[in-house]
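Got your viewer open and your mouse ready? Let's take a walk through this one together, one selection at a time.

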Amino acid sequence: MPFDESITANIAKSVAEIPHPSLPKGSTIYGSTKIFPDYQAEEGESYLTLVHGIAHESSVSFVAILQATRALRKGFESVLYFYGPGSMNCMATRGFPTTGDSAFPGEQNINNSLETFIAEGGTVFCCRFGLSLHGLREEDLIPGVIPCHPLDVQDALIHFARKGAIINSTYNL
């Protein structure tokens, strides 16, 4: 290393202060007791997830998709509704250097998860106004994503509230 002897000695001392790794790979460090029952949907139950989170800016959008997929697999009529900057999550044109490529591990997580959600019977809506805010084209939506009028956000919320749906609203600032 390009350091003098005192810095090199301090590096060695710092690394040796705490044994690494402190636990071998595969060590259990968290308990596994699940507190609540593994609820399954009852006949006719719905689960609406609103997503107002920017793709890859936080885990909010990705976790919302995973939760909606879990609800779908529990038997709920599960719907994802992307609006505002959340609309960016629905783009099939993500990738670098070409669409579908991953410039970093996980770049396609959102796309792959939305495609799985749709393939398993979930419904995905995307606000056209949210698309327009970011210069995104409707024809570039992931296949199966349903474009919606901006006024549909509120009416979808009313629709699902009247059905007694569980409503999970996620928001990324």
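Start with the aromatic rings: searching the whole structure, which is a predicted model, turns up two aromatic pairs. Select tyrosine 81 and phenylalanine 125 and show their side chains. The centres of these two rings are 5.6 Å apart and the planes sit at 35 degrees, so this pair is called tilted. If you wonder about those two values, a pair of aromatic rings is described by the distance of the centres and the angle of the planes.

Now turn on the cartoon. Tyrosine 81 belongs to strand β2 and phenylalanine 125 to strand β3 (residues 123–127), so the pair ties together parts that are 44 residues apart in sequence. Are the two rings buried or exposed? Tyrosine 81 is buried, at a relative accessible area of 1%, while phenylalanine 125 is partly exposed at 21%.

**Next stop: two cysteines**

Select cysteine 90 and cysteine 126 and zoom in on the sulfurs. How far is the sulfur of cysteine 90 from the closest cysteine sulfur? The distance to the sulfur of cysteine 126 is 3.9 Å, too far for a bond. A disulfide is a covalent bond between the sulfur atoms of two cysteines. The cut-off here is 2.5 Å between the sulfur atoms, and a search of the whole structure finds zero disulfides. Cysteine 126 tells the matching story: it is in no disulfide, and its nearest cysteine sulfur is that of cysteine 90. Switch on the surface and try to spot them: cysteine 90 is buried, with 0% relative accessible area, and cysteine 126 is buried at 0% too.

**Hop over to the salt bridges**

How many salt bridges does the structure hold? There are seven. Select aspartate 38 and arginine 70 to see one of them: their side chains meet with N to O at 3.5 Å. Aspartate 38 is in the loop between α1 (5–17) and β1 (46–52), and arginine 70 is in helix α2, so the pair ties together parts that are 32 residues apart in sequence. Both ends can be found from outside: aspartate 38 is partly exposed at 47% relative accessibility, and arginine 70 is partly exposed at 46%. Add Lys74 to your selection, and you have a network of salt bridges linking Asp38, Arg70 and Lys74.

Now pick lysine 163 and glutamate 77. They form a salt bridge whose closest N and O atoms are 2.5 Å apart. Lysine 163 sits in the loop between α5 (152–162) and β5 (166–171), and glutamate 77 in strand β2 (residues 77–82), so here the pair ties together parts that are 86 residues apart in sequence. Lysine 163 is partly exposed at 40% relative accessible area, and glutamate 77 is partly exposed at 35%.

For another salt bridge, select arginine 137 and glutamate 139, with closest N and O atoms 3.4 Å apart. Arginine 137 is partly exposed at 46%, whereas glutamate 139 counts as exposed at 58%.

**Into the largest pocket**

Keep Arg70 and Lys74 selected, then add Tyr39, Tyr47 and Phe76. Of the 14 residues lining the largest pocket, these five lie nearest its centre. The volume of this pocket is about 240 Å³. Which helix gives the most to the lining? Helix α2 (residues 60–73) does, with three residues. Colour the lining by residue type and you'll get six nonpolar, two polar and six charged residues.

**Some backbone sights**

Select threonine 49, in strand β1. Threonine 49 is buried at 0% relative accessibility. Now add alanine 64: along the chain the two are 15 residues apart, yet their C-alpha atoms are separated by 6.9 Å.

Move on to histidine 56, in the loop between β1 and α2. Its phi is near 65 degrees, a positive value in a residue other than glycine. Histidine 56 is partly exposed, with a relative accessible area of 34%.

For the last stop, show the backbone of phenylalanine 96 and proline 97. Is the peptide bond between them cis or trans? This one is cis, with omega near 5 degrees. You'll find proline 97 in the loop between β2 and α3 (109–119).

Conventions. Residues are numbered from 1 along each chain as its sequence is written. This is a predicted model: local features need pLDDT of at least 70, side-chain atom pairs count only at pLDDT 80 or more; totals for chains, interfaces and linings use all residues. Side-chain values use heavy atoms; hydrogens and water are left out. On a 1 Å grid over the protein atoms alone, a cavity is a set of points where a 1.4 Å probe fits but cannot get out, and a pocket is an open set with protein on both sides within 12 Å along at least five of seven lines; lining residues have an atom within 4 Å of a point. Grid points are joined across faces, edges and corners, and a volume is the space filled by probe spheres set on the points. Helices (H or I, at least four residues) and strands (E, at least two) are DSSP runs, numbered from the N terminus. Ala, Val, Leu, Ile, Met, Phe, Trp, Tyr, Cys and Pro count as nonpolar, Asp, Glu, Lys and Arg as charged, and the others, Gly among them, as polar. A salt bridge is a side-chain nitrogen of Lys or Arg within 4 Å of a carboxyl oxygen of Asp or Glu. Buried means under 20% relative accessible area, exposed over 50%, partly exposed in between (1.4 Å probe, protein chains only). Rings of Phe, Tyr and Trp (its six-membered ring) pair if their centres lie within 6.5 Å; planes under 30 degrees apart count as stacked, over 60 as edge-to-face and the rest as tilted.
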